[in-house]
Amino acid sequence: MKILIVGTGYVGTTTGLIFCEMGHQVTGLDLDDHKLQALKAGKLYFYEPGLEELLSRHVAAKNIYFTKNTKKAVKENDIIFICVGTPMETDGSANLTYVKNVAESIGKYMNKSKIIVTKSTVPVGTAELVEKWVSGKQATPIRFDVVSNPEFLREGSALQDALNPDRIIIGTKSEKARKIMKELYKDFHCPIVITNPKASEMIKYAANSFLAMKISYINELARLCDALNINVNEVSKGIGLDTRIGPQFLRAGMGYGGSCFPKDVNALIQTAKEQGKPLSILESVVKVNEKQPIYIIEKIKQALGGNLINKKIAVLGLSFKANTDDTRESPSLRLIDRLLAEQAQVKVHDPVVKIAARPSLVQLQSVEETVAGAEALVIGTDWDEYKVLEWVNLKPLMAHPYIFDGRNMLDKRMVTNIGFYYEGIANH
Ligand SMILES: NC(=O)C1=CN([C@@H]2O[C@H](COP(=O)(O)OP(=O)(O)OC[C@H]3O[C@@H](n4cnc5c(N)ncnc54)[C@H](O)[C@@H]3O)[C@@H](O)[C@H]2O)C=CC1
Ligand SMILES: O=C(O)[C@H]1O[C@H](OP(=O)(O)OP(=O)(O)OC[C@H]2O[C@@H](n3ccc(=O)[nH]c3=O)[C@H](O)[C@@H]2O)[C@H](O)[C@@H](O)[C@@H]1O
């Protein structure tokens, strides 16, 4: 089957390569010359473990080719996956401009029957809008079928997640599209849920919001555990062993970030408001999340005598989590903004992310340079390499041996034995 992927970001590139692996011919369409130039050369323009090897192999074998020619790409392909961004509007709702542009282009250029699949995360009712946008641009009516097929991969483990999904959701009203989609996913060994487009769109938001809820729950509980001198990691372990609860997404930290949880939780809250059915649980999830970086700032202030004016703070890690260079809605960046607002002098390090210097903010190449002279060190991202640092050699470089572990990733006993003062998020 000839597959067109529209939007070659994290989702589009990964999806396209997965279909190459399944033996299909794939076209990747994007409008961004910089991204296309890299992808055509078999180079990934973002950091995602394992993906570049697959990309270079399939580019070399001509199983995938990249283009910005929308007209030709639409005409030549049978199944079109929409994988463009759906960023957050100021009111929290999802911006569908990119999806609409793609749908209208498909309508304008389609010359024969197509299956149009939305992989982007889109609000309930978007499949109906896509139908309207496509048919609104058709010069003569040509049959097409719309499918909602949300994606559940995580950045940092995109390939593994996309190759081994827990489930595949297919939402369509069309019998023909249902058959084609099932055929397309026939080599996947996971349950396939066939439903209508609205339920499919809701499943995606409900899943992300539920995971965000688990994180905010454990983070708020961690504050109580801190007050009661309880190790929240032990609580997570203890409750996570109950199969009804499960162990995942119960790591307390600086709150959830990334390009999806903050955006998707807010979009669902907005949908609920529009329907007059507010989701008060999710509203609390957002409030708890916003407070979490401030919680660690308060701990630093307390240790450093009440304020951060001209205090030298080192922050290790900038991405929203380990194994990605994505800094969208990164809790670490939120923490840094707050440190700067409180007039601290901040030095930062990250293994892959580069950020521009600002007054009172400088990025350094090595951890040693970053922590030199620091009065406190914050772990902002849980990169594995920070776990195995020679902490014993770092301590003498610092002005005060204070560690604030925003990710509860360090071995508390190990660093305190070296002589560090250590505070995590209820990591007692
Ligand atoms: N990043 C992730 O881990 C996941 C993202 N999603 C959802 O998937 C969607 C895409 O996310 P990302 O891949 O992160 O987005 P992204 O922002 O990395 O990539 C989107 C791409 O679409 C391109 N684009 C925009 N308009 C276009 C057009 N008219 N024609 C061709 N290309 C166009 C952009 O140039 C960009 O390269 C979003 O709705 C997101 O919520 C879902 C699951 C996981
Ligand atoms: O819709 C999406 O885009 C994707 O959003 C998330 O994936 P992702 O944002 O890549 O990252 P996660 O691993 O889910 O982490 C999100 C945030 O939560 C934080 N987190 C995660 C787990 C945890 O226990 N505690 C915690 O604070 C992470 O550090 C990170 O900031 C979902 O896990 C994916 O299933 C989904 O497809």
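**Exercise 1.** How many nonpolar, polar and charged residues does the shell around ligand 2 have?

*Solution.* The model is a predicted one. Start with the shell as a whole: 20 residues surround ligand 2. Sort them by class. The shell has 10 nonpolar residues, five polar ones and five charged ones. Next, pick out the nearest: R251, Y256, G258, C260 and K321. Then look at the secondary structure. Helix α9, residues 197-228, gives the most to this shell, with three residues.

**Exercise 2.** Find where ligand 2 lies relative to the two domains.

*Solution.* Begin with the division of the chain: domain 1 spans 2-195 and domain 2 spans 210-423. Now check the shell. Both domains give residues to it, so ligand 2 lies between them.

**Exercise 3.** Describe the contact between domain 1 and domain 2.

*Solution.* First, take the separation: the C-alpha centres of the two domains lie 33 Å apart. Second, count the residues. Domain 1 puts 15 into the contact, and domain 2 puts in 16. Third, classify the side of domain 1 that touches domain 2. This side divides into eight nonpolar, four polar and three charged residues.

**Exercise 4.** Judge whether the chain is as compact as a globular protein of its length.

*Solution.* Take the secondary structure first: 17 helices and 14 strands. The radius of gyration is 24 Å, and the globule rule gives 22 Å for 428 residues. These values are close, so the chain is as compact as a globular protein of that length. Add the burial: 46% of the 428 residues count as buried. Finish with the contacts. Among those between residues at least 6 apart in sequence, 70% join residues at least 24 apart.

Conventions. Residues are numbered from 1 along each chain as its sequence is written. Chains are lettered from A and ligands numbered from 1 in the order in which they are written. This is a predicted model: local features need pLDDT of at least 70, side-chain atom pairs count only at pLDDT 80 or more; totals for chains, interfaces and linings use all residues. Helices (H or I, at least four residues) and strands (E, at least two) are DSSP runs, numbered from the N terminus. The radius of gyration is taken over C-alpha atoms; the globule rule is 2.2 Å times the number of residues to the power 0.38. A residue is buried if 20 or more other C-beta atoms lie within 10 Å of its own, exposed if 12 or fewer, and partly exposed in between; C-beta atoms are placed from the backbone. Two residues are in contact if their C-beta atoms, placed from the backbone, lie within 7 Å. A residue is near a molecule or strand if its C-beta atom, placed from the backbone, lies within 6 Å of it. Ala, Val, Leu, Ile, Met, Phe, Trp, Tyr, Cys and Pro count as nonpolar, Asp, Glu, Lys and Arg as charged, and the others, Gly among them, as polar. Domain bounds come from an automatic or database domain assignment.
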